[in-house]
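Student: I should like to work through a structure that is new to me. Could we proceed by question and answer?

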Amino acid sequence: MIQAGIELSLKNGFAPIALGGDHSITYPIMRAIARVHPGVSILHIDAHGDLYDEFEGDRFSHACPFARIMEEELCGHLVQVGIRTLTPHQRDQIRRFDVDTIEMQHVAGGARPKISGPVYLSIDLDGLDPAFAPGVSHREPGGLSVRDVLSMIHALDGPIVGADVVEFNPSQDLGNLTASVAAKIVREIAGGIILG
C-alpha cells in the first residue's frame, strides 16, 4: 500500500514527503522512487544504521530497511549521518554495501556529507540529540542539532526527489518540542523541493 501510494504521487508529478511511522516505511517508498529515479542518492540521518540483515527474526523490521534497499539496488549511493550505535554486524553491512557512513564522532569533528545529483532524504528524528527531539522511542544522546540537519538539507547539490521523516513518538514528546522540530524539517524539505 505504501509503495502504491508513492507510485501514484510520482505519477502525478509530485515529489512525495512521507511522515512515519517507523523506518520500515522507507523500503517500500524506495521501491517506488527507484523506478522513476534510478541511481538516486539517499541521505539518511539517524542514530542507528538500520542495516541489519534481520532484527528479532524480521527482515522487514524498522532496523532493516537499508539492507533491503541496498540488496535490491534501489539507490546509487547511501550516505548515513549522525550514526552512533553501530554493532559489528552493521559495520560488516556497511562494508558489504559500500555505504558512506559519517558517525556522530566524525560529524562533531567537522565531517559533512557530499552528495550531488538527485537525492532522497530519510530523516529519523532520533538522529537529533534528545535535547532537540525527545519525542522518539529510541533516544540516543550525543546527536545532531536542528541546525546541523537544516544545514545538510540546504547544502544539497541537486533536486530532492522525495523524503520521509520518521520515528516521531508523541507519547514521549515534551511540550510538543519534537513535533515542532519535525514540522520545521518538513517545511524546509518542502521548500527545497519547490526551489530545487
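The exchange below concerns a predicted model.

Student: To begin with helix H7, how far does this helix reach from its first C-alpha to its last?

Tutor: Helix H7 covers residues 177-195, which makes 19 residues. At 1.5 Å a residue, a span of 27 Å is expected, and the helix comes close to this value. From its first C-alpha to its last, H7 reaches 27 Å.

Student: Within what arc do the buried residues of H7 fall, seen down its axis?

Tutor: The buried residues of H7 are Thr-178, Val-181, Ala-182, Ile-185, Glu-188 and Ile-189. Viewed down the axis of H7, these buried residues line one face of the helix, because they fall within an arc of 130°.

Student: Which residues are exposed on the other side of H7?

Tutor: The buried residues of H7 are covered by elements that include strand S1 (17-19), strand S5 (119-124), helix H6 (146-154) and strand S6 (160-166). On the other side of the helix, the exposed residues are Arg-187, Ile-194 and Leu-195.

Student: Which residue of S6 is the bridge partner of Ile-17?

Tutor: S1 and S6 run parallel and are joined by 3 bridges. S6 itself is mostly covered, with 7 of its 7 residues buried. The bridge partner of Ile-17 in S6 is Ala-163.

Student: What is the handedness of the β-α-β crossover from S5 through H6 to S6?

Tutor: S5 and S6 pair in the parallel sense over 6 bridges. Among the bridge partners, Leu-121 is matched with Ala-163 in S6. The chain passes from S5 through H6 to S6, and this β-α-β crossover is right-handed.

Student: Is Ser-145 buried or exposed?

Tutor: Ser-145 lies in the loop between S5 and H6. Leaving aside residues up to four places away in sequence, Ser-145 touches Leu-128 and Phe-132. Its relative accessible area is 16%. Since buried means under 20%, Ser-145 is buried.

Student: Which residues of S5 are buried on each of its two faces?

Tutor: In a regular strand the side chains alternate between the two faces of the sheet. S5 is mostly covered, and 6 of its 6 residues are buried. Both faces are covered: one side holds Val-119, Leu-121 and Ile-123, and the other holds Tyr-120, Ser-122 and Asp-124.

Student: Which residue of S5 stands opposite Ile-42?

Tutor: Strand S2, residues 41-45, pairs with S5 in the parallel sense over 5 bridges. Opposite Ile-42 in S5 stands Tyr-120.

Student: How is the pair of rings of Tyr-52 and Phe-55 classed?

Tutor: A pair of aromatic rings is described by the distance of the centres and the angle of the planes. The structure holds 2 aromatic pairs. For Tyr-52 and Phe-55, the ring centres are 5.5 Å apart and the planes are at 45°, so the pair is tilted.

Student: How does Phe-55 count in terms of relative accessibility?

Tutor: The relative accessibility of Phe-55 is 27%. Buried means under 20% and exposed means over 50%. Phe-55 therefore counts as partly exposed.

Methods:
Residues are numbered from 1 along each chain as its sequence is written. This is a predicted model: local features need pLDDT of at least 70, side-chain atom pairs count only at pLDDT 80 or more; totals for chains, interfaces and linings use all residues. Side-chain values use heavy atoms; hydrogens and water are left out. Rings of Phe, Tyr and Trp (its six-membered ring) pair if their centres lie within 6.5 Å; planes under 30 degrees apart count as stacked, over 60 as edge-to-face and the rest as tilted. Buried means under 20% relative accessible area, exposed over 50%, partly exposed in between (1.4 Å probe, protein chains only). Helices (H or I, at least four residues) and strands (E, at least two) are DSSP runs, numbered from the N terminus. The expected span of a helix is 1.5 Å times one less than its number of residues. The arc is that of the directions from the helix axis to the C-beta atoms. Contact means heavy atoms within 4.5 Å. Two strands pair if DSSP finds at least two bridges between them. A crossover is right-handed if, with the strands pointing away from the viewer, the path from the first strand over the helix to the second runs clockwise.
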